[in-house]
Each structure stands twice: as C-alpha cells, then as structure tokens.
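Here are a few notes to read alongside the picture. Keep the view open and find each spot as you go.

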Amino acid sequence: MTNPGWIVLAWMVVALASGFKFWSITRPYRNKTAPLREQTVDEARQRLERRWRSDSKV
C-alpha cells in the first residue's frame, strides 16, 4: 500500500493550484472594484441613488 503522505501531498498541490486559478480568474473583478473602496460614504450613497433612479425609469 502507498504511503498516505503522498496522497495528502497530492491534495495539497491540487488545493494550491485551485486557489491560484481562482485568484487569477477573479483578478478583473477585484481590479474593477478597487476604486470603489476609496470612496466616502456619501459618494457611495450618491452613486447608488443614481443607479437606483436610472433603474426605476425602466
């Protein structure tokens, strides 16, 4: 029978590769939302109200 350590190592490699793949897939979303984090509360509220008004016109 094989050493269980190799199985654990294989799963760790798969988990690490999956994490890197997820990080690379979500990079465009993180870059798109980065400027929004620097807004004040009032700016964010105004932006959301503008979107709400434009959506309610439909």
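1. Start with Leu-9, which you'll find in helix α1, the stretch covering residues 4-25. Keep in mind throughout that this is a predicted model. Leu-9 has 42% relative accessibility, so it counts as partly exposed. Together with Trp-6 and Val-13, Leu-9 makes a nonpolar surface patch of about 340 Å².

2. Now look for rings. How many aromatic pairs turn up in a search of the whole structure? The count is 0. Trp-23 does have a charged partner, though: Arg-30 lies over the face of its ring, at 3.6 Å from the ring centre.

3. Next, charges. Side chains of opposite charge can pair when their charged atoms come close. Here the count is 3 salt bridges, and Asp-42, Arg-45, Glu-49 and Arg-53 are linked by them in a network.

4. Walk along that network in helix α3, residues 41-56. Arg-45 pairs with Asp-42, with the closest N and O atoms 4.0 Å apart. Arg-45 also meets Glu-49, at 3.2 Å from N to O. Glu-49 in turn bridges to Arg-53, where the closest N and O atoms are 3.9 Å apart.

5. Check the spacing too. Asp-42 and Arg-45 sit 3 residues apart, about one turn of the helix. Arg-45 and Glu-49 are 4 residues apart, again about one turn, and Glu-49 and Arg-53 are also separated by 4 residues.

6. Finally, how accessible are these residues? Asp-42 is partly exposed at 45%, and Arg-45 is partly exposed at 39%. Glu-49 is partly exposed at 29%, and so is Arg-53, at 47%.

Conventions. Residues numbered from 1 in each chain as written. Predicted model: local features only at pLDDT ≥ 70, side-chain atom pairs only at ≥ 80, totals over all residues. Heavy atoms only, no water. Patch = residues over 30% accessible without salt bridge, like charges linked within 9 Å, V, L, I, M, F, W, Y side chains within 5 Å. Areas by Shrake-Rupley, 256 points an atom, 1.4 Å probe, with all protein chains shown as cover. Salt bridge = Lys/Arg side-chain N within 4 Å of Asp/Glu carboxyl O. Helix = DSSP H or I, 4+ residues; strand = E, 2+ residues; numbered from the N terminus. Buried < 20%, exposed > 50% of the residue type's maximum accessible area, 1.4 Å probe, protein only. Phe/Tyr/Trp six-rings, centres within 6.5 Å; stacked < 30°, edge-to-face > 60°. Lys NZ or Arg CZ within 6 Å of the ring centre and 35° of its normal.
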